[in-house]
Structures are given as structure tokens and as C-alpha cells.
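Me: I would like to learn how to read the empty spaces, the packing and the strand pairing in a model such as this one. Could we take one feature at a time, with the general idea before the particular case?

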Amino acid sequence: MRVTTAPPKWQLLSPEAKKERASRVKVALLDFRADSVTRHDISTAAQLRDLPSDSPTAYDGLLSRLFVVEDLSRDLIETLGLNLDVDPMFFRGHLSDYIWYNTRDPWIELPEIDFVSRKRSYFHVSYSPARYFRAHKDLSLARTEAGGFNVLRRISRDAIWIPGADIPGSEVGLLRSKISFWVRPRKESSTDPVTAILLVDPSITAGFPLWGGHNDFDVCPSVADKVRARPHKNSIFEDIIYHLQNMSVEDLAIVAQDPRMLFQKPLCVICAEWQTLLQYTNTRLTQLEWEIEDPYLRNVEEDLTTTLNKLHVWRRRFPLYKTIVSEVLTKVVRRQEFPFATTNSLCILEKDFELILDKLDQLHNRAERIMSVVTAVMSIEESKKALGQNRSLARLTYLAVTFVPLSFVSSFFAMNEDVTRLGRTFWIYFAVAIPVTLLALIVVRFSDTLSNIARRLLQFSATKGQ
């Protein structure tokens, strides 16, 4: 294996950067026993190779073992994949985040048919966490950090919103992320502990999780209970490990019947991230409605065209989000057939993802209604502008009608060669020009009425002639 990053990145790296990226390893090995959870941090491929063998003494009292992996690299994939006999498609499916592919892209990942995917002992879940940046430079730094990942991840910048509602220069970025879960194949009669791999994305350090991150999943403790350490919400790697280390004894007992129980807590985190994104979307759509209602809430140089462009971005995102959530429901949460599982421990989150999908439908329909309102308001504003222009043209018409008769009369009287004789006929100019001008103005002013009268007279004469 030569390439250790997403293919578009590899050709742009220097030899030193390629070497560093190829040897990058960050793994937390969690060993679950009935009375404890032990964490072993691994930072080199040599440490992965030196893990205890599959001898019975190595698994003494061990219920399950989970490798939590941040980012991917050549050494990590080769070492972990060789030791655990991992399907290479598991790593490949986690590598990129493409929504669509060009016809010339050789790294395209064609979707599998459902019959084949049900036989796989792994799955991928996409989501889009929102991140707040106090200044545009922080967003630029975050994009640079995302470019430093071996996996391909990008941050979409949201639009500039109401000046008074947001801090000037602040930004919100939406990161396309992915989390993947794999279970090691084993015989049905085997008593070996469950071994699994959980792939998570590296965390952006610039900025902050929007609104401080998702809510806690634990019930509020009593004042007499011992206070536990809080989850590290600025790192998805540490946040998921925190929740995994605090799994109950009952949950750990279910792992033998359904290895996907190890993915229940991470899936709760993903569900909470979707809830945060929905709340953020509701906020932005509400601000769009405010901008339509009150033009003073928009930037000075902005008009409804800018509001329409902001709305177009969300209308494009909603179908993508609904597709992602639908795939999570179909291929993960509602999936009954899974290797080495006799029950489905993820179905407990089915209602939550159904509510997310329903909320996305509501927000999508709301965006379409706002689009109709914006289009109608823009049409009204254009009509007002056209009416104002017509009034200006009417004024020009009146001026033209006023001066055309005067010019005609003055030209007519200018035909006399003896200018001295105009003294006796000067009054005739006004006597003729003023009535002619008034007649012209009356004809212009009542042109529609005169046209109707003429039309009726013609109809009447035609009827009388018959």
C-alpha cells in the first residue's frame, strides 16, 4: 500500500509530508471486563504489532475489545488490518466524503446492493456537526486543519447573517464527517471476546462546538453522588471514549448477543449532533423570515437577491441531509440481519432518527414556502420599481407634448422673411400655440377614453350598417 490519504491529496504532498502521514497512528484500545474498562493509548504501528496474541491468557476475563481509531494511515491500515483480518473496503469507505463524482474519477465508490451489504460486518454513518468561529481567520485555520487530515473532510461556510444577531466577522462552518464500525468475524460457538474497530474523524481545534456541544445523555445525578469527569466535547475522539467507558454492566452483557451494542453510545452522539444541526437550521430559516419582513435587518448593501441565495444553499442541503438520515435508518438502525447478532441493540434509537427525518421534511417544506414568499415579494418590489419608472416616463411625455406644439408653431411663423412684421402678429403665436398645446395634452391625458369612445362608435356604426 503506497497511498495513505485521499487520492486528490497524495499527489500534492512533499516526500517528508508523505512519510509523516504514512506513519500517523492514534488509537485507544478499550478492554471491557465485568467490573472495569481499561484504556491503552497507542501512538505507533510497532505498539499495534506488539499487542497480546489471541492466547486464552491474553483474554482472561475479557468481555469485549474495541479499537477506537482517529484518522487513517498506511501503517495503521496495514498493521491493524493484517492482525484482525479486516475487510479493506471498510477502510476505503471511511476515507472520503464525496457527495457526487466526476465521470473521470477513478476513486469512485459505487453503492452496494442491499443483499450484499447485509452480509458485511461493518457500516458507515455520515453526519454534519456545526462549529462556531469568532472570526473568519478561525474558519480559515479550521479549513487548513481539515486539509491536514488523511481522510478527506471539508468545511462548508455558511452565509453572513443578520449583523445585529451575530458578532461582526463571526462564522459558522458545517463539517461533513463520518464514523465507521466493524466487528471481527468469529464462529457462532466461539467463546472469544468480541473484537471491534471504531473509526472516528480527527477533531478541529479552531473554533468551538456550536452552542457548547450536544446535551449530556446521563440522568442528572443526586447531590450525594460522586461527580464524574465531564466529556470532552471539543474532541469527538475523547467524547465517544468517555461514553464508552461509562457503559453500564447491563449494556456490556448485551455485547455478546449483539456486538453493535458497542456502537450505541457513538450513535447517540451522532443523533445529538443532528439535533444541534436541526436547531441551527431552524434559527437560520427564522432569520430569513425576519429579513423578508424587516429590510433593516439586512446588510446595507444587500437586497432580497442575497436572501434568496442564502435560501438556495439550504434548499440544496435538505435533500442531502434527508438521504443521509434515511440511510442511517435503513442500513444501521433498522438493520435486523447482522453477523454474529441475535438481537438489535440500535433499534432503541429508531424513534429519534425518525423524528430527525420528520423535522428535516418540515424544514424543507418551510424553506420552499419561504422561497415562494421571497419570490412574491421580489415581484412586488420589481412592480413598484417599474411603476416608478413609468411615472418618470410619463413626466417626460408631458414635457414632450408641451414643447412639440410650441416648436411647430414657432417654426411655422418663422417662415416669414420680414422679422419686423412679427410685431403686429406676435399675439397670434400665443393665440394659436396655447390652444394647440392644451388640445395635445387633453388628447394624451384622455387617450384611453377617446380610444374607447372611437371603438364604440365604430362598433355602433358597424352594427347600424348591418
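Me: Which residues lie nearest the centre of the largest cavity?

Reply: The general idea is that rolling a probe the size of a water molecule over the atoms shows where empty space is left. In this predicted model, the largest cavity is lined by 24 residues, and Pro129, Arg131, Lys233, Ile236 and Glu273 are those that lie nearest its centre. The elements giving two or more residues to this lining are β5 (130–133), β7 (171–175), α8 and α10 (264–293), and β7 gives the most, with three residues. The volume of the largest cavity is about 330 Å³, and the structure holds one cavity of 30 Å³ or more.

Me: How many residues of each class are in the lining of the largest cavity?

Reply: The lining of the largest cavity has 11 nonpolar, eight polar and five charged residues.

Me: Helix α8 was named among the lining elements; how many of its residues are buried?

Reply: Helix α8, which spans residues 236–245, is mostly covered, with eight of its 10 residues buried. The buried residues of α8 are Ile236, Phe237, Asp239, Ile240, Ile241, Tyr242, His243 and Leu244, and Ile236 is also one of the residues that lie nearest the centre of the largest cavity.

Me: To which strand is β5 joined, and by how many bridges?

Reply: Four bridges join β5 to β7, and the two strands run antiparallel; within this pair, Ala130 stands opposite Leu174 in β7. Both strands belong to an open sheet of four strands in the order β6-β7-β5-β10, with antiparallel pairing. Each of β6 (155–157) and β10 has a single partner strand and stands at an edge, so one side of each is left without a neighbour in the sheet.

Me: Turning from the cavity to the open spaces, what is the volume of the largest pocket, and which residues lie nearest its centre?

Reply: The largest pocket has a volume of about 1200 Å³. Its lining consists of 37 residues, and those nearest the centre are Glu109, His124, Lys178, Glu327 and Lys331. At least two lining residues come from each of α5 (88–95), α6 (114–117), β4 (122–127), β8 (177–183) and α11 (304–333), with α11 supplying the largest share, nine residues. By class, the lining of the largest pocket has 15 nonpolar, nine polar and 13 charged residues.

Me: Since β8 contributes to that lining, how should I read its two faces: are they covered or open?

Reply: Both faces of β8 are covered, with Ser177, Ile179, Phe181 and Val183 buried on one side and Lys178, Ser180 and Trp182 buried on the other. Six bridges join β4 to β8, and these strands run antiparallel, with Phe123 standing opposite Phe181 in β8. Four bridges join β8 to strand β9 (residues 194–200), again in an antiparallel arrangement, and here the bridge partner of Phe181 is Leu198 in β9.

Me: Which members of the largest nonpolar core touch the most other members?

Reply: In soluble globular proteins, nonpolar side chains tend to be buried together. Here the largest nonpolar core has 67 residues, of which Phe263, Trp274 and Phe353 touch the most other members. Leaving aside residues up to four places away in sequence, Phe263 touches Phe123, Val125, Ile179, Phe181, Leu198, Val332 and Leu346. A second, separate core of 31 residues includes Phe149, Ile155, Ile197 and Ile204.

Me: What is the phi of Asp71, and what is that of Trp211?

Reply: As background, most residues other than glycine have a negative phi. Asp71 has a positive phi of about 65° although it is not a glycine, and this residue is found in the loop between β3 (62–70) and α4 (74–84). Trp211, likewise not a glycine, has a positive phi of about 60°, and its place is in the loop between β10 (208–209) and α8.

Me: Is each of these two residues buried or exposed?

Reply: Asp71 counts as buried because its relative accessibility is 4%, whereas Trp211 is exposed, with a relative accessible area of 51%.

Terms used: Residues are numbered from 1 along each chain as its sequence is written. This is a predicted model: local features need pLDDT of at least 70, side-chain atom pairs count only at pLDDT 80 or more; totals for chains, interfaces and linings use all residues. Side-chain values use heavy atoms; hydrogens and water are left out. Buried means under 20% relative accessible area, exposed over 50%, partly exposed in between (1.4 Å probe, protein chains only). A nonpolar core is a set of buried Ala, Val, Leu, Ile, Met, Phe, Trp, Tyr and Cys residues joined through side-chain atoms within 4.5 Å. Contact means heavy atoms within 4.5 Å. On a 1 Å grid over the protein atoms alone, a cavity is a set of points where a 1.4 Å probe fits but cannot get out, and a pocket is an open set with protein on both sides within 12 Å along at least five of seven lines; lining residues have an atom within 4 Å of a point. Grid points are joined across faces, edges and corners, and a volume is the space filled by probe spheres set on the points. Ala, Val, Leu, Ile, Met, Phe, Trp, Tyr, Cys and Pro count as nonpolar, Asp, Glu, Lys and Arg as charged, and the others, Gly among them, as polar. Two strands pair if DSSP finds at least two bridges between them.
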